[in-house]
2 protein chains.
Amino acid sequence: MTHPCYCIALRKVSRRLTAVYDEAFAPLGITVSQFSQLRHIRHKQPVSLTELGEIQELDRSTVGRNTKVLHRMGLVSMAASEEDQRETVLSLTDEGRALLKRATPIWNDVQTRIETKLEAAEFDRLIGALGDL
Amino acid sequence: MTHPCYCIALRKVSRRLTAVYDEAFAPLGITVSQFSQLRHIRHKQPVSLTELGEIQELDRSTVGRNTKVLHRMGLVSMAASEEDQRETVLSLTDEGRALLKRATPIWNDVQTRIETKLEAAEFDRLIGALGDL
DNA sequence: TCATGATGCGGGTATATACCTGTAAATTGA
DNA sequence: TCAATTTACAGGTATATACCCGCATCATGA
């Protein structure tokens, strides 16, 4: 274990940071991943699963499954496109919009909190800084 | 999307970097996550699931499930501890050791490849550098 | 127009991950 | 010594993620 693995180190801070955001969003019943997807949908709606996948750089099937959860929560509507019957078009529901509005200040707070940890962030310092969040 | 989310950005590079390592390890039939766990086991064997969880900063149940896969692959042995009947102790099998030996030069190559991308890596540069791997 | 190919998705399977609950074994304190 | 607590784990459930296959639909070229 002389040299740390960059990938494993990155995965570790990614898990940690995700936990920080998720904890902040928990009162709203969403995760940071879901928050991000809601933001993308708001920005691009009406948007197809494929397009959303390209934007988020996620596999289409992943986006489909993640979206189904948001749909089940009543935050996102899924409808067949009129031009192309194969396509599912996503939009925010009123609840989705409302929740995103409530989530945004929480996100801003966390972002700011992270920024203060990141000032002179080279890679190792990044790991260290996020390590004691 | 004026401001990017630190967490989402980090998750994204984490996915990407994982894909790079996983692709390199693919001929051996393991992932970078499994490689890392094998290394930890080799370093600490005989080791319990709980201890391994603490080392890897992963939930015990996660380690248990990940280990079961390695065990199914014949790379790791799981035996009840003699001192404490509750404890499962993990060790590498001969195949596990052999595979780790073959995996290590591959890992070194990827590490080196990543290093050349990381020279002056502040956070944003990190994202950018990993972005075009 | 119509076969062929491309596109959009759903679902199966798999890993990686966490939390919670239940159970069994060990420890400890009265 | 024995009840109460702590520990170690397995398994259930859930999200997040990817790859593959199959199906339906659309687009295109002969």
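## Contacts and overall make-up of chain A

Two residues are in contact if their C-beta atoms, placed from the backbone, lie within 7 Å. The model here is predicted. In chain A, take the contacts with a separation of 6 or more: residues 24 or more positions apart account for 48% of them.

Chain A has 133 residues, and 32% of them are buried. Its secondary structure comprises six helices and three strands. Along the sequence the order is α-α-β-α-α-β-β-α-α.

## Strand pairing in chain A

Strand β3(A) covers residues 88-92 and pairs with β1(A), residues 47-48. That pairing is antiparallel and runs over two bridges. Within it, A:S48 has A:V89 as its bridge partner.

Strand β2(A), residues 76-80, also pairs with β3(A). This pairing is antiparallel too, over five bridges. Here A:V76 is bridged to A:L92. In a regular strand, side chains alternate between the two faces of the sheet.

## The surface near DNA strand D

Around DNA strand D there are 25 residues. Those that come nearest are A:S33, A:D59, A:S61, A:Q85 and B:T50. Several elements give two or more residues to this surface. From chain A they are α2 (32-44) and α4 (60-72). From chain B they are α1 (6-25), α3 (49-56) and α4 (60-72).

Which element gives the largest share of this surface? Helix α4(A) does, with five residues. By residue class, the surface divides into 12 polar, 10 charged and three nonpolar residues.

## Cis peptide bonds

Most peptide bonds are trans. The bond between A:Q45 and A:P46 is cis, with omega at about -5 degrees. A:P46 sits in the loop between α2 and β1 of chain A.

Chain B has a cis bond as well, joining B:Q45 and B:P46. Its omega is about -5 degrees. B:P46 lies in the loop between α2 (32-44) and β1 (47-48) of chain B.

## Positive phi at position 57

Most residues other than glycine have a negative phi. A:E57 is not a glycine, yet its phi is positive, about 55 degrees. The residue is in the loop between α3 (49-56) and α4 of chain A. Is A:E57 buried or exposed? A residue is exposed if 12 or fewer other C-beta atoms lie within 10 Å of its own. A:E57 has 11 such neighbours within 10 Å, so A:E57 is exposed.

In chain B, B:E57 also has a positive phi, near 55 degrees, and is a residue other than glycine. B:E57 is located in the loop between α3 and α4 of chain B. B:E57 counts as exposed because it has 12 C-beta neighbours inside 10 Å.

## A glycine in the α1-α2 loop

A:G29 falls in the loop between α1 (6-25) and α2 of chain A. A:G29 is exposed, because 10 other C-beta atoms lie within 10 Å. A second glycine, A:G64, is 35 residues away along the chain. The C-alpha atoms of A:G29 and A:G64 are separated by 20 Å.

Conventions. Residues are numbered from 1 along each chain as its sequence is written. Chains are lettered from A and ligands numbered from 1 in the order in which they are written. This is a predicted model: local features need pLDDT of at least 70, side-chain atom pairs count only at pLDDT 80 or more; totals for chains, interfaces and linings use all residues. A residue is near a molecule or strand if its C-beta atom, placed from the backbone, lies within 6 Å of it. Helices (H or I, at least four residues) and strands (E, at least two) are DSSP runs, numbered from the N terminus. Ala, Val, Leu, Ile, Met, Phe, Trp, Tyr, Cys and Pro count as nonpolar, Asp, Glu, Lys and Arg as charged, and the others, Gly among them, as polar. A residue is buried if 20 or more other C-beta atoms lie within 10 Å of its own, exposed if 12 or fewer, and partly exposed in between; C-beta atoms are placed from the backbone. Two strands pair if DSSP finds at least two bridges between them.
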